[in-house]
Amino acid sequence: MEAVLDNIGLVGWAFAHTVLLFLFSGVLSLLLGTFLVALRVGPVVVLQRAAATYVTVVRNTPLLIILMFFQFAAPKLGVTFNFIDVQWGEVSMTSFFGAAVVSLSLYTSTFVCEALRSGVNSVPLGQAEAARAIGLSFGGVMSQVVLPQAYRASVPPLASVQIALLKNTTVAGVFGVMEALARMRILTNNFTGQKIGIFLAFAIVFVVLVEVLSFLASRLERRWRIA
Amino acid sequence: MTALEKQPEAPAAGEPLVVLDGVNKWFGKLHVLQDINISIKRGEVVVVIGPSGSGKSTLCRAINRLETIDQGSIALDGDPLPQEGKALAALRADVGMVFQSFNLFAHKTILENVTLGPIKVRKKPKAEAEAKARELLDRVGVGVQAEKYPAQLSGGQQQRVAIARALAMEPKVMLFDEPTSALDPEMIKEVLDVMVSLAKGGMTMIVVTHEMGFARTAADRVIFMSDGAIVEENTPHEFFTNPQSARAKDFLGKILKH
Ligand SMILES: Nc1ncnc2c1ncn2[C@@H]1O[C@H](COP(=O)(O)OP(=O)(O)OP(=O)(O)O)[C@@H](O)[C@H]1O
Ligand SMILES: [Mg+2]
């Protein structure tokens with residue numbers, strides 16, 4: 001534990017990376033997942049198929065492979081994130097960070113899509129019909145009536161997906177982002193005698209972060225229950 | 001009968017507003033609409049009646065194209081129903097629809113339910129839409145519930161909100177698909193009262209219902225459907241007292257026993 005306390009500043013910055021990875025990827029995955037589900041339940045068959053294929057392929061690929069693709073293969077195809085270069089205190093957001101956010105977002109969006117799709121299916125058909133009957137377009141029906149209700153119905157599975165994302169941010173540590181896992185490995189290497197304490201400390205912070213997320217999710221669920 | 005009667009005078013009462021010409025539809029092998037020809041005049045109130053499965057809902061839904069047809073044509077105000085896209089949405093905005101199961105938007109307040117269409121489809125300013133919505137909610141007697149959610153209202157109240165929601169679009173014609181059959185008896189009257197005053201106010205209405213009281217007081221015409229076809233068409237009085245076809249006699253015999 002001492003090793004953690006003595007390096008509390010570094011540990012804090014590491015978790016700042018973790019939280020930033022999570023926030024960026026969380027928002028992007030929700031947006032992209034919503035877009036995907038709109039395609040999947042939309043009227044255009046080609047887009048339905050394209051979205052379904054994307055979800056199947058990306059969801060079934062290990063996250064690590066997706067990340068490796070964006071770190072090593074994509075640059076060869078001209079896809080790079082070199083334009084990202086933000087330094088803020090000890091926080092460093094560079095191309096590694098960008099590639100990690102993109103990988104995490106693409107991967108998580110497929111789970112968001114599936115969670116939302118079951119939410120969409122739980123919205124009674126009459127809701128969409130009534131929305132169409134007052135003259136809303138497909139976009140209006142989705143954004144005004146179906147998706148808001150699908151989100152409300154999907155809070156628990158969406159929370160699970162986002163919790164998984166929070167933990168998945170640790171893979172970014174393998175590729176040069178100084179997030180929690182990367183910092184932990186450095187500490188355990190430098191203070192081999194305190195391995196268990198260091199493990200425990202990092203685990204506890206993750207547990208706390210996940211608990212905060214669960215708490216927010218359950219509040220959201222309660223607030224939306226009346227409707 | 002009060003404020004609901006103060007409808008603007010229909011521009012040319014008596015002209016055909018909704019015209020169905022040779023409409024056929026199949027669900028797989030089932031011929032649900034069989035050569036349907038109907039012409040409904042502006043301001044006319046038509047009640048559609050018939051046994052379960054005779055195609056009444058399908059007919060209603062075809063008129064605002066929630067259901068497509070396989071043959072024939074449907075025209076509203078002289079224009080054939082558009083196939084899809086913006087024009088179809090515009091058509092639906094002009095046709096009010098009231099469902100058996102109310103279908104109020106569950107996540108929106110009563111007021112938001114009524115203002116959604118005017119704001120998003122008619123592009124009215126929010127304040128104007130809300131003022132109009134409150135006026136309509138008052139007219140149907142649920143003004144004090146404006147801030148509540150649908151689940152907090154009784155069925156009868158929800159159905160009256162659904163009517164207000166449709167009216168807020170200032171539709172040319174209103175379709176009602178068994179608006180009272182999901183309601184407890186004591187709530188049926190409050191909904192029918194609203195519909196009667198609408199009818200008296202000159203609204204063009206197509207109403208699927210087995211409420212003979214409504215048909216007798218408000219309808220100009222009764223259409224009797226059986227197995228996807230129009231079997232008989234008459235004034236309410238003639239139809240109920242002197243049905244011509246065996247099927248209508250049989251059907252009336254059954255519903256009168258209840
Ligand atoms: N989407 C559908 N797919 C296949 N068959 C359908 C569909 N909708 C309705 N039907 C069938 O078409 C026939 C007519 O249905 P419709 O709902 O129009 O009858 P209805 O007269 O409104 O009956 P009810 O009084 O029970 O509401 C029924 O036999 C029904 O089972
Ligand atoms: Mg029906």
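Which residues is Q159(B) in contact with, leaving aside its neighbours within four places in sequence? In this predicted model, the contacts of Q159(B) outside that stretch are V98(B), F99(B), Q100(B), F102(B), P179(B) and V191(B). Q159(B) lies in helix α5 of chain B, which covers residues 155–167. Its relative accessibility is 0%, so Q159(B) counts as buried, the limit for that class being under 20% relative accessible area. One of the residues in contact with Q159(B) is P179(B), and the backbone oxygen of P179(B) is reached by the side chain of Q159(B) at 2.9 Å.

K249(B) belongs to helix α9 of chain B, residues 246–257. With a relative accessible area of 47%, K249(B) is partly exposed. When neighbours within four places in sequence are left aside, K249(B) is in contact with P243(B) and Q244(B). V208(B) stands 41 residues from K249(B) along the chain, and a distance of 18 Å separates their C-alpha atoms.

Helix α1 of chain B, residues 56–63, is largely enclosed by the rest of the structure, because seven of its eight residues are buried. The buried residues are K56(B), T58(B), L59(B), C60(B), R61(B), A62(B) and I63(B). Just after this helix, R65(B) has a positive phi of about 60 degrees.

R61(B), one of the buried residues of α1(B), also takes part in the interface with chain A. Its side chain forms a salt bridge with that of E129(A), with an N to O distance of 2.6 Å. The count of salt bridges between chain B and chain A is one. Polar contacts across this interface, with both residues at pLDDT 80 or more, number six residue pairs. On the side of chain B that touches chain A, the elements that give two or more residues are α2 (85–94), β6 (95–98) and α3 (110–120). The residues of this side comprise 13 nonpolar, four polar and five charged.

In terms of contacts, 22 residues of chain B meet 16 residues of chain A. About 1,800 Å² is buried between the two chains, and carbon and sulfur atoms give 63% of this area. Of the area that chain B buries against chain A, 31% comes from R92(B), F105(B) and H107(B), which is more than any other three residues supply.

Strand β9 of chain B, residues 221–226, is mostly covered, with six of its six residues buried. On one side of β9(B) are R221(B), I223(B) and M225(B), and on the other are V222(B), F224(B) and S226(B); both faces are covered. β9(B) is joined to strand β3 of chain B, residues 45–49, by four bridges, and these two strands run parallel. Within this pair, F224(B) of β9(B) stands opposite I49(B).

β9(B) also pairs with strand β10 of chain B, residues 229–234, in the antiparallel sense over five bridges. Here I223(B) has E233(B) of β10(B) as its bridge partner. The hairpin made by β9(B) and β10(B) has two residues between the strands, and D227(B) in this hairpin takes a positive phi near 50 degrees.

Technical notes: Residues are numbered from 1 along each chain as its sequence is written. Chains are lettered from A and ligands numbered from 1 in the order in which they are written. This is a predicted model: local features need pLDDT of at least 70, side-chain atom pairs count only at pLDDT 80 or more; totals for chains, interfaces and linings use all residues. Side-chain values use heavy atoms; hydrogens and water are left out. Buried means under 20% relative accessible area, exposed over 50%, partly exposed in between (1.4 Å probe, protein chains only). Contact means heavy atoms within 4.5 Å. Buried area is the accessible area (1.4 Å probe) that two parts lose on being put together, summed over both. A salt bridge is a side-chain nitrogen of Lys or Arg within 4 Å of a carboxyl oxygen of Asp or Glu. A polar contact is a pair of N or O atoms within 3.5 Å; within protein, one must be able to donate a hydrogen and the other to accept it, and residues adjacent in sequence count only if both atoms are side-chain atoms. Ala, Val, Leu, Ile, Met, Phe, Trp, Tyr, Cys and Pro count as nonpolar, Asp, Glu, Lys and Arg as charged, and the others, Gly among them, as polar. Two strands pair if DSSP finds at least two bridges between them.
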